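Trainee: I've got a model open and I'd like to learn how to read it. Could you walk me through a few features?

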Amino acid sequence: MRSIFIVGSSFCGSTIIGNTLNSHSQVFHAGEVDRLSLFRRYHGADETYLLNSCGLCGLDDKAHCPVWDDLPPPPATPQEAVSLYRTLMARGGKEVALDGSKNVDWLAYLHDHGLRNAGAILLSRNPLAFAKSHRDATGAPVWQGVEIWRNIYNHTLRSLITRQIPFISMRHADLTSNPQGFYARLLEFMGLDGMVDVEQYFQFPVHALGGNVGAFVRYRDFNTQRYEAREAQNKRPLGVMEIEEKQARQKRGGTWRDTAWMQSIPDAEAGAALNLPGVADTMSLLGYSAYELFMAKQKWRLTQSPRTLLRDGVKLLRSNRTGC
Ligand SMILES: [Zn+2]
C-alpha cells in the first residue's frame, strides 16, 4: 500500500477530488485523518475539529463502518502513531490510501517518524478565491486571507521539497476546465491505470473522514437532517463555502465554476492583496498570474446583465474623476 496525501489550504476542493478518486478500483479516500481523535493532533486546540467516524456511517448510529469503527487505543509514541496509521489505512483494502488532511505538518510528522512510500498532491485554488471563502468563514479581510494563502503554500512547498517527497501540483481551475484530463494526470502520478467515474463517483462506497459536506450530498446514504443535527451537537458551524458549493452544484447540475470571488471582491481590494510582498512569487510557482486573474474577472463581467455593466462603468468613471 502507498500513501498519497492531499496538501494545501482549506477550501481547495480536496473532498470532492478525494471522493472522485475513490471511484477508482485501487484508491481508498480516507479523508481528514489528522482529525481522528486518537491521533490527538487537535486535543486542547480546537476540540470541535475532532472526529471518530466517517462522513456517511457516522450519520447513522446503527451503521457499521468497516474502516473507522473498533478503533484501537491512542498511540503512546510517534513511531506507534505511524504504525497505527498504516494499520488503519490498510483497512481501506486498496493499493493507494489517500489522506485528505491537507495539512503538510501531518504528512511531515508521519514521514519524519518512519512513514515511507508517501507522495503528495499539492492542491490549490487561486488566492482570491481562497480569500473570499476564508473571509466568509472567519470575517477576516481579503488581504489577510491572501497572506495566509501565501504562507500556507510557501510552507507546504518547503516542507515537501526539503523532505524530497514526490509531489504533483494541481490547480482547482484545471478540474473545472478539463475534469478528465485533471484526473488522468493524478492517476498517472499515482501510477494507476484506468479511470475514475467523474459523473457517478457517489455510486461507490466511501468512508472518508470530515471534509466538505457538498461532496457527500449526492451519496444515497447521506441524510441532510442527521448531518445538520450532528454538526449542531458537536458545535461545528456549517462552513459557508460548503453551503455555497452545495447549492451551486444543485443549481448547475454538478458543474461548479469558481466565480464567487469575482462578484464579491472589488478590483482595488484584490489588487492591494495581490501586491503584498511575496504573493506574486508564490502564485507564479503554483501557475497563477495576477494578470490572468484580472482578465478572467473582466471576461466574467461581460457576461453580466447590461444594467450591472452600466452600474460598474459609472462607478469606475466616478472613481477616476475623484482620483482614487
Ligand atoms: Zn464509514
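Mentor: Happy to. Keep in mind that this is a predicted model. Let's begin with a loop residue: with 17 C-beta neighbours inside 10 Å, Ser10 counts as partly exposed, because buried takes 20 or more and exposed 12 or fewer.

Trainee: Where does Ser10 lie?

Mentor: Look in the loop between strand S1 (2-8) and helix H1 (14-21). Ser10 is also 9.5 Å from Gly211, C-alpha to C-alpha, though the two are 201 residues apart in sequence.

Trainee: What about phi? Which sign should I expect?

Mentor: Most residues other than glycine have a negative phi. Phe11 is not a glycine, yet its phi is positive, about 60°. Phe11 sits in the loop between S1 and H1, and it counts as buried because it has 25 C-beta neighbours inside 10 Å. Gln164 also has a positive phi, near 55°. Gln164 belongs to the loop between H5 and strand S5 (167-171), and with just 7 C-beta neighbours inside 10 Å it counts as exposed.

Trainee: Now the helices. Which residues of helix H11 (residues 267-274) are buried?

Mentor: Ala270, Ala273 and Leu274 are. Seen down the axis of H11, the buried residues fall within an arc of 95°, so they line one face of the helix. The face turned away from that side carries the exposed residues Ala268 and Gly271.

Trainee: And what do the buried residues of H11 pack against?

Mentor: Their partners are helix H4 (127-138), H5, helix H12 (279-286) and helix H13 (290-302).

Trainee: How do I find the middle of the largest nonpolar core?

Mentor: Try looking for the members that touch the most others. That core has 70 residues, and those touching the most other members are Ala30, Leu98, Leu107, Ala120, Ile121 and Leu209. Helix H5 (residues 142-162) gives the most to this core, with 6 residues. Take Ala120: leaving aside neighbours within four places in sequence, its contacts are Ile4, Phe5, Val7, Leu107, Leu160, Ile165 and Phe167.

Trainee: What about the overall picture?

Mentor: The protein chain has 14 helices and 5 strands, and 38% of its 324 residues count as buried. Its radius of gyration is 21 Å, which agrees with the value near 20 Å that a compact globule of 324 residues would have. Among contacts with a separation of 6 or more, 79% join residues 24 or more positions apart.

Technical notes:
Residues numbered from 1 in each chain as written. Predicted model: local features only at pLDDT ≥ 70, side-chain atom pairs only at ≥ 80, totals over all residues. Core = buried A, V, L, I, M, F, W, Y, C linked by C-beta atoms within 7 Å. Helix = DSSP H or I, 4+ residues; strand = E, 2+ residues; numbered from the N terminus. Contact = placed C-beta atoms within 7 Å. Rg over C-alpha atoms; globule rule 2.2 N^0.38 Å. Arc of directions from axis to C-beta.
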